[in-house]
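Me: Please take a close look at a single part of the structure below, and then set it in the context of the rest of the chain. A formal and connected account would suit my purposes.

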Amino acid sequence: MFSSKRNDTILMIVFTIMVLAGPLILAPFGAGYPDLLQRFAIYGIFAVGFNILFGLTGYLSFGHAAFLGVGSYAAVWMFKLLNYNVIPALILGVLVSAVFALIIGYISLRRSGIYFSILTLAFAQMSYAMAYSVLTPITNGETGLQVYTSDPQYLMSEGSKQVPNLFGLAMNSTQKVEFLGMTLQFNVGFYFASFFLIASFYLAMRIFRSPFGMMLRAIKTNQNRLNYTGVNTKPYTLAAFVISGMYAGLAGALLACMDPLAGAERMQWTASGEVVLMVILGGAGTLLGPVLGAGFIKYFEKIFSRIGDNVLEGWFAFLPEPIANALVWLLGNFVGEGWHLTLGLLFMLIVIFLPGGLIDGAARLWRYATGKSKSSKSAADGSAPAPAE
């Protein structure tokens with residue numbers, strides 16, 4: 001859909017406006033508060049990076065949470081050793097995750113398919129176990145790594161802020177504005193993460209449109225044919241793996257910048273599975289899909305998980321008591337602690353009816369609204385339809 005430079009420019013402008021206007025757009029949906037907005041931006045970066053590997057090459061990694069955790073640990077160590085400035089923390093987080101990804105990718109990419117996935121999963125679980133036990137002097141084990149007053153912080157001067165900051169601008173600083181009966185919260189940390197989300201999205205777009213991106217697509221289509229023609233595909237897949245790992249490390253470091261704490265649970269296999277769900281839900285191989293998928297899952301996690309029985313009882317208070325109790329019992333299984341059940345059902349529906357993810361659903365609605373059928377588009381192009389972006 002968006003393939004020309006003009007359309008790429010339009011997509012980039014619209015994406016930037018939507019991200020920066022997040023507090024205003026999401027406030028009516030109860031999602032306009034700093035913690036959730038920050039998570040939208042940070043996990044959007046994580047998903048965009050994962051999509052460079054999975055969406056372009058087809059290599060399904062179940063170990064990307066390891067890079068997320070490594071990025072967080074590196075950032076917290078910068079806070080402990082230097083000061084609370086977020087720039088050194090981000091730089092070290094990305095560099096360490098890049099080296100980590102290079103080592104794991106070099107070994108894991110010796111296999112493909114399910115064997116590659118299992119290898120990455122094994123590395124992530126080993127990293128998790130080591131962070132929990134063997135590497136306790138570095139990771140602080142199950143307690144988690146955090147900053148103490150006894151830490152050296154060699155660059156900390158008198159009067160410096162005691163929270164993560166950008167040259168004095170605290171990440172937790174929030175400006176509240178009343179607008180149309182709503183309280184909009186403009187948070188420094190959210191806009192700091194948004195800057196990196198927009199930059200990451202732009203970089204991903206350039207990779208998608210570059211000859212390097214075309215080679216990654218060719219690898220996904222038929223790697224054996226490329227190998228038979230004499231093309232060595234390993235440098236390309238390794239580069240994609242490292243870039244993807246650096247995105248994850250950046251996301252992990254940003255998480256530490258918002259809350260200077262890193263724990264081993266951030267490296268658990270469930271975190272790796274979550275980013276896979278984000279990309280598939282949004283639309284693997286598309287540009288916008290991973291960001292939508294990340295927002296979708298984080299919204300469910302934060303909003304639906306907070307709906308308890310007392311909230312449901314308030315909703316159905318106007319109904320006769322037996323009916324209200326039955327509805328509270330029924331819906332109570334799908335919200336609160338049972339929000340995973342709702343997410344699972346939605347995931348099934350999307351995979352069954354929208355194999356291309358949410359972005360595929362949006363593309364179908366667009367074709368329906370404009371009266372253009374998929375078949376007529378294919379006939380007009382004379383080729384198979386490209387993924388919607």
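Reply: Asp360 has its place in helix α16 of what is a predicted model. Its relative accessible area is 14%, and because the cut-off for burial is under 20%, Asp360 counts as buried. Once residues up to four places away in sequence are set aside, Asp360 touches Leu354 and Pro355.

The helix that holds Asp360 also has a part in the largest pocket. Helix α16, which spans residues 358-370, supplies at least two residues of the lining of that pocket. The same holds for α1 (5-20), α2 (22-26), α3 (34-57), α8 (188-209) and α12 (289-303). Among these helices, α12 gives the most to the lining, with six residues. The largest pocket encloses about 760 Å³ of space. Its lining has 23 residues, and those nearest the centre are Met18, Leu26, Val291, Leu292 and Gly295. As to the chemical character of this wall, 21 of the lining residues are nonpolar and two are polar, while no charged residue takes part. Asp is counted as charged, and the lining has no charged residues, so Asp360 is not part of it.

Other buried positions can be set beside Asp360. Leu145 belongs to strand β1, which covers residues 145-146. With a relative accessibility of 4%, Leu145 is classed as buried. Beyond four places in sequence, the contacts of Leu145 include Tyr73, Val76, Trp77 and Lys80. They also include Ile138, Thr139 and Asn140, together with Pro260, Leu261 and Ala262. For one of these partners a backbone distance is available: the C-alpha atoms of Leu145 and Lys80 are separated by 9.6 Å, although their positions lie 65 residues apart along the chain.

Phe123 is a further buried case, now in helix α6, which runs over residues 113-132. Its relative accessible area is 17%, which is under 20%, and therefore Phe123 counts as buried. Apart from neighbours within four places in sequence, Phe123 is in contact with Ile104, Ile107 and Ser108. The C-alpha atoms of Phe123 and Ile13, 110 residues apart along the chain, are 39 Å from each other.

A partly exposed position completes this set. Leu331 sits in helix α14 (residues 321-332). Its relative accessible area of 32% lies between the limits of 20% and 50%, so Leu331 is partly exposed. With residues up to four places away left out, Leu331 touches Leu312 and Phe316. The C-alpha atom of Leu331 is separated by 9.7 Å from that of Gly308, a residue 23 places away along the chain.

The strands β4 and β5 offer a contrasting setting. Strand β4 (residues 174-179) pairs with strand β5 (residues 182-187) in the antiparallel sense, over six bridges. Within this pairing, Val177 has Leu184 in β5 as its bridge partner, and Phe179 stands opposite Met182. Two residues lie between the strands of this hairpin, and one of the hairpin's residues, Leu180, adopts a positive phi near 50°. Of the six residues of β4, zero are buried, so this strand lies largely in the open.

A positive phi also occurs at two loop residues that are not glycine. Gln153, in the loop between β1 and β2 (165-166), has a phi of about 40°. Phe167, in the loop between β2 and β3 (169-170), has a phi of about 50°. Gln153 is buried, with a relative accessible area of 9%, whereas Phe167 is exposed at 67%.

Finally, the confidence of the prediction should be taken into account. The mean pLDDT of the chain is 89, and 95% of the residues reach 70 or more. Residues 377-389, by contrast, have pLDDT under 50 throughout, and for them the model has 19 contacts beyond four places in sequence.

Methods:
Residues are numbered from 1 along each chain as its sequence is written. This is a predicted model: local features need pLDDT of at least 70, side-chain atom pairs count only at pLDDT 80 or more; totals for chains, interfaces and linings use all residues. Side-chain values use heavy atoms; hydrogens and water are left out. Helices (H or I, at least four residues) and strands (E, at least two) are DSSP runs, numbered from the N terminus. Buried means under 20% relative accessible area, exposed over 50%, partly exposed in between (1.4 Å probe, protein chains only). Contact means heavy atoms within 4.5 Å. On a 1 Å grid over the protein atoms alone, a cavity is a set of points where a 1.4 Å probe fits but cannot get out, and a pocket is an open set with protein on both sides within 12 Å along at least five of seven lines; lining residues have an atom within 4 Å of a point. Grid points are joined across faces, edges and corners, and a volume is the space filled by probe spheres set on the points. Two strands pair if DSSP finds at least two bridges between them. pLDDT is the predictor's confidence in each residue, from 0 to 100.
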